[in-house]
Amino acid sequence: MGLIRAVFDAAFRQGGGQRLKPVGPRWPLLLFHVDTGGCGGCGMELEALSAGPYDLEGAGFGFVQTPRSADVLLVTGPLTRTMAPVLEAAWQAMPKPKGLISVGGCAMDGGYFSENYAVLGGLDRKASIDLVIPGCPPSPQQVLDGLCSLFGQPPRPVSGAQAEGSSSTSS
Ligand code: SF4
C-alpha cells in the first residue's frame, strides 16, 4: 500500500487563505465514508448523522456514494490489510484538494485492535490526518461538531428530542 498523504487544502478552511471552493449549505463539503474494519459502531453513528435530527446539510456537509465526487474521506475502524488497498483506491480517486478525517479511536490509533497479521493499526502513523474525531464511538453530534470545527463554526444544535451528545449506539 502506498503511503497516504492527506493535505487538507487551506483553501477549504475559513480564513485560511483563498478558498478554491465555497462551502456552506449551497456548496456542501462532500464526504465519502470508508469503514476499514472495527466493530461497525462508528459507521452506525455516521448513518445516524446523515439520517437523524442532525442538520448536516444545513451545516454545509453531505455524504456522497463515490470518492470521485468527494472532498473529504471519513475513515472509521482500524486499518486492516484487506481494506488497505480499498482505502488507497478511494483516496486516489478523489479530486484535489482533498482531506482525511479519522472518526473514532480505532481509525486514529487502532483502538482496541492491536497490530497483527490482519490489522495494520490506525492511520496516525501512516497518514497525515487533517482532523481527528475521537470517541468509541463518537456520537453523531460529536462528529458534526468536529466537522464544523474545520470552518470555525460553533456546534450545531440538534433538532427534535434527541439530546446533544447522545449516541445511537452507546448508552
Ligand atoms: S472506535 Fe469503538 S465504536 Fe468505533 S470501530 Fe472502534 S471499537 Fe467500534
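Let me start with the ligand: in this predicted model, 13 residues surround it, and the closest of these are Gly38, Gly41, Gly104, Cys106 and Cys136. Two elements give two or more residues to that shell, namely α1, which spans 41-51, and α3, which spans 105-109. If you sort the shell around the ligand by class, you get six nonpolar residues and seven polar ones, with no charged residue.

Staying with Cys136 for a moment, the peptide bond that runs from Cys136 to Pro137 is cis, with omega near -15 degrees, and Pro137 itself sits in the loop between β7 and α4. There is another cis peptide bond to point out, from Lys96 to Pro97, where omega is near -5 degrees; Pro97 belongs to the loop between α2 and β5.

Cys136 also leads us to Gly111, a residue in the loop between α3 and β6. Setting aside neighbours within four places in sequence, Gly111 is in contact with Pro78, Gly104, Gly105, Cys106 and Cys136, and Gly104, Cys106 and Cys136 were named a moment ago among the residues closest to the ligand. Is Gly111 buried or exposed? Gly111 counts as buried, because 21 other C-beta atoms lie within 10 Å, where the cut-off for that label is 20 or more. Gly111 and Gly122 are eleven residues apart in sequence, and their C-alpha atoms are 7.5 Å apart in space.

Now let me step back to the whole chain. The protein has four helices and seven strands, and from the N terminus on the elements run β-α-β-β-β-α-β-α-β-β-α. Of its 171 residues, 40% count as buried. Among the contacts with a separation of 6 or more, 77% come from residues that are 24 or more positions apart.

With that order in mind, let us return to α1 and ask how it is placed relative to α4, the helix of residues 140-149. The axes of α1 and α4 come within 8 Å and cross at roughly 75 degrees, which means that α1 is roughly perpendicular to α4. On the α1 side the contact is made by Glu45, Leu46, Ala48 and Leu49, and on the α4 side by Pro140, Val143 and Leu144. By class, this contact has six nonpolar residues, no polar ones and one charged residue.

Each of these helices has partners beyond the other. The buried residues of α1 are Cys42, Gly43, Glu45, Leu46, Ala48 and Leu49, and they pack against β1, β3 and β5 as well as α4. In α4, the buried residues are Pro140, Gln141, Gln142, Val143, Leu144 and Leu147, and these pack against α1, β2, β5 and β7. Not everything in α1 is buried, however: Glu47 lies in this helix and counts as partly exposed, because it has 16 C-beta neighbours inside 10 Å. Glu47 and His33 are 14 residues apart in sequence and 9.9 Å apart in space, C-alpha to C-alpha.

That brings me to the nonpolar core. In soluble globular proteins, nonpolar side chains tend to be buried together. Here the largest nonpolar core has 37 residues, and those that touch the most other members are Leu49, Leu73, Leu74, Val75, Val103, Val143 and Leu144. At least two residues of this core come from each of β1, α1, β3, α2, β5, α3, β6 and α4. Which residues does Leu74 touch, not counting those up to four places away in sequence? The list is Leu31, Phe32, His33, Leu46, Ile101 and Val103.

My last residue is Asp71, which is found in the loop between β2 and β3. Asp71 is buried, because 23 other C-beta atoms lie within 10 Å. Leaving out residues up to four places away in sequence, Asp71 touches Leu29, Leu30, Lys98 and Gly99. Asp71 and Met94 are 23 residues apart in sequence, yet 7.0 Å apart in space when taken from C-alpha to C-alpha.

To close, let me go back to the picture I began with: α1 gives residues to the shell around the ligand, α1 crosses α4 at roughly 75 degrees, and both α1 and α4 supply at least two residues of the largest nonpolar core.

Conventions
Residues are numbered from 1 along each chain as its sequence is written. This is a predicted model: local features need pLDDT of at least 70, side-chain atom pairs count only at pLDDT 80 or more; totals for chains, interfaces and linings use all residues. A residue is near a molecule or strand if its C-beta atom, placed from the backbone, lies within 6 Å of it. Ala, Val, Leu, Ile, Met, Phe, Trp, Tyr, Cys and Pro count as nonpolar, Asp, Glu, Lys and Arg as charged, and the others, Gly among them, as polar. Axes are lines fitted to C-alpha atoms, for helices over the stretch in contact, and angles run from 0 to 180 degrees between N-to-C directions. Angles under 35 degrees count as roughly parallel, over 145 as roughly antiparallel, 65 to 115 as roughly perpendicular and the rest as oblique. Two residues are in contact if their C-beta atoms, placed from the backbone, lie within 7 Å. A residue is buried if 20 or more other C-beta atoms lie within 10 Å of its own, exposed if 12 or fewer, and partly exposed in between; C-beta atoms are placed from the backbone. A nonpolar core is a set of buried Ala, Val, Leu, Ile, Met, Phe, Trp, Tyr and Cys residues joined through C-beta atoms within 7 Å.
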